[in-house]
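Please open the structure in your viewer and keep the selection panel at hand. The stops below are meant to be followed in order.

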Number of protein chains: 2
Amino acid sequence: MPDRSASPPDSPTGGLTPKAEQTRTQILRAALDLFRESGYDGTTMRAVAKAADVSLGNAYYYFASKEHLVQGFYDQIQVDHAAAAESALAAETGFSGRLLAVLDSWVDVAAPYHEFAGAFFKNAAEPRSPLSPFSGESAAAREASIALHRRAVEGSDVKVAAALRAQLPELLWLLQMGVVLFWVHDDSPEQRRTHDLVRQIVPLVDRLIRLTRLPGARGLAEDVVALVAKVRG
Amino acid sequence: MPDRSASPPDSPTGGLTPKAEQTRTQILRAALDLFRESGYDGTTMRAVAKAADVSLGNAYYYFASKEHLVQGFYDQIQVDHAAAAESALAAETGFSGRLLAVLDSWVDVAAPYHEFAGAFFKNAAEPRSPLSPFSGESAAAREASIALHRRAVEGSDVKVAAALRAQLPELLWLLQMGVVLFWVHDDSPEQRRTHDLVRQIVPLVDRLIRLTRLPGARGLAEDVVALVAKVRG
DNA sequence: GTCTATAGTGGGATAGAC
DNA sequence: GTCTATCCCACTATAGAC
């Protein structure tokens with residue numbers, strides 16, 4: 001199989017010449033600015049290229065599609081979330097408090113992008129989109145987010161069935177995806193309803209987890225773990 | 001404000017002349033055929049118009065956009081699902097069996113459309129899209145689907161906390177939306193993994209519901225009901 | 001009110017020269 | 001690595017036939 005003659009770099013930091021790195025950054029920054037000003041659909045690749053002072057073809061050399069530009073937004077928000085959650089976690093030792101800290105800080109961090117997020121969310125929801133949170137391209141951001149939940153669990157006093165403990169961070173990440181789904185649909189001022197949802201669902205999750213240690217719920221945790229294992233392929 | 005000179009009909013059955021009805025159906029059937037053959041992206045509006053033996057402009061007269069053609073798919077699949085679930089339900093009296101019947105029959109009915117379903121799924125995921133399962137435009141289909149789950153519950157022997165019983169059909173519909181979400185991401189042959197998921201999750205749900213009557217789980221059902229009530233407002 | 005024909009526009013994406 | 005030129009197709013516009 002012959003080498004592709006034009007192989008656009010797909011990693012934000014990996015092995016690029018300084019010049020290429022700079023061009024890439026130029027394009028990305030122009031794109032994010034335009035996205036915030038005009039939304040996703042309102043921003044054309046031509047406008048991005050123009051604002052970044054490169055040709056249209058060059059923009060496509062660095063970003064295989066318009067959707068790929070959004071990956072930059074993901075990287076950004078993930079870093080911000082990690083930082084915000086970190087300081088919120090420092091003050092909490094209870095499991096409920098720590099989970100609340102992680103979920104709530106995400107909603108806070110994402111707030112400025114709420115409008116823009118709604119516009120491109122459909123692209124992220126598409127199964128084969130690189131923007132899908134389940135895609136290979138999103139693996140790094142996904143792992144980082146799961147790691148955050150792992151920190152929340154491990155730093156806490158939660159009593160959880162042993163079998164479930166290893167899977168818990170991933171399950172909590174899934175919960176967070178549910179919160180995100182709700183969030184993009186949330187039109188209330190300052191996403192108050194999402195905050196309410198988080199505040200109500202956290203104690204419920206806490207209660208559910210404790211339940212897995214009840215005699216009558218014996219096996220429930222194992223079933224959930226088996227389900228996740230199977231489902232992950 | 002002047003009247004639009006051409007106002008395309010947007011209801012599948014509402015007030016159309018017989019001729020118009022026939023043309024609309026022609027276009028829709030051609031579209032669904034092509035979608036199945038060539039997928040969503042692989043089907044152009046020109047091809048749809050040609051296959052339906054109408055002009056491109058006429059296709060747009062009946063369907064405001066390519067996405068609007070997809071509503072026809074929803075209507076179709078919902079009717080098919082109701083029929084398939086009905087006969088599957090007739091043979092089952094246990095709650096697990098009945099829930100399995102409803103979920104599994106959906107996966108069967110939807111199977112032929114799996115490939116192209118992924119391509120337009122993003123439209124359903126978009127918050128303000130009329131194609132969203134939560135939208136006002138989808139209310140009829142949503143209610144029909146919830147009613148199906150209500151039949152599954154009420155015809156069964158399930159013992160469930162009183163407070164939860166009224167909400168249960170809606171919660172099961174949410175579960176089905178989760179299955180759909182998994183299904184569109186499922187690339188395994190004949191969506192075997194989705195079938196596996198359904199087969200594993202049904203007894204788990206059954207167990208969870210029974211759990212709500214346990215002394216230690218007292219209040220859990222009420223919390224869930226309160227959560228749903230809050231979230232819907 | 002239903003439909004055709006035709007001629008656009010806009011923008012995502014690509015090819016191939018340099 | 002960067003450009004210019006081009007393709008393709010969703011979608012629009014319009015003028016008019018029946």
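How many residue pairs are in polar contact across the interface of chain A and chain B? The rule finds four such pairs, both residues of each at pLDDT 80 or more, where a polar contact is a pair of N or O atoms within 3.5 Å, and within protein one must be able to donate a hydrogen and the other to accept it, residues adjacent in sequence counting only if both atoms are side-chain atoms.

Before you select anything, note that this is a predicted model, in which local features need pLDDT of at least 70 and side-chain atom pairs count only at pLDDT 80 or more, while totals for chains, interfaces and linings use all residues. Residues are numbered from 1 along each chain as its sequence is written, chains are lettered from A and ligands numbered from 1 in the order in which they are written, and side-chain values use heavy atoms, with hydrogens and water left out.

**The interface of the two chains**

Stay with the interface and colour the side of chain A that touches chain B: helices H6 (114-125), H9 (168-185), H10 (192-211) and H11 (220-232) of chain A each give two or more residues to it, the helices being DSSP runs (H or I, at least four residues) numbered from the N terminus. H10(A) gives the most, with nine residues. In all, 37 residues of chain A are in contact with 38 residues of chain B, contact meaning heavy atoms within 4.5 Å. The area buried between the chains is about 3300 Å², of which carbon and sulfur atoms give 64%; this is the accessible area (1.4 Å probe) that two parts lose on being put together, summed over both.

Next, select A:Arg207 and B:Asp223, whose side chains meet in a salt bridge at 3.4 Å, N to O. A salt bridge is a side-chain nitrogen of Lys or Arg within 4 Å of a carboxyl oxygen of Asp or Glu, and the count between chain A and chain B is two.

**Salt bridges inside a chain**

Now move to A:Asp104 and A:Arg199, which form a salt bridge with their closest N and O atoms 2.6 Å apart. A:Asp104 lies in helix H5 (residues 95-110) and A:Arg199 in helix H10 of chain A, so the pair ties together parts that are 95 residues apart in sequence. A:Asp104 counts as buried at 12% relative accessibility, whereas A:Arg199, at 45%, counts as partly exposed; buried means under 20% relative accessible area, exposed over 50%, and partly exposed in between (1.4 Å probe, protein chains only).

In chain B, select B:Arg210 and B:Asp206, a salt bridge with N and O atoms 3.1 Å apart. Both residues lie in helix H10 of chain B, four residues apart, about one turn of the helix.

**Around DNA strand C**

Finally, select DNA strand C, which 18 residues surround, the closest being A:Met45, A:Arg46, A:Tyr60, B:Thr23 and B:Tyr62; a residue is near a strand if one of its heavy atoms lies within 4 Å of it. Of the strand's atoms within 4 Å of the protein, 64% belong to sugar or phosphate and the rest to bases. Zoom in on B:Thr23, where a polar side-chain atom lies 2.4 Å from a phosphate oxygen of the strand, and then on B:Ser55, where a polar backbone atom is 2.8 Å from a phosphate oxygen. The largest share of the surface near the strand, three residues, comes from H3(B).
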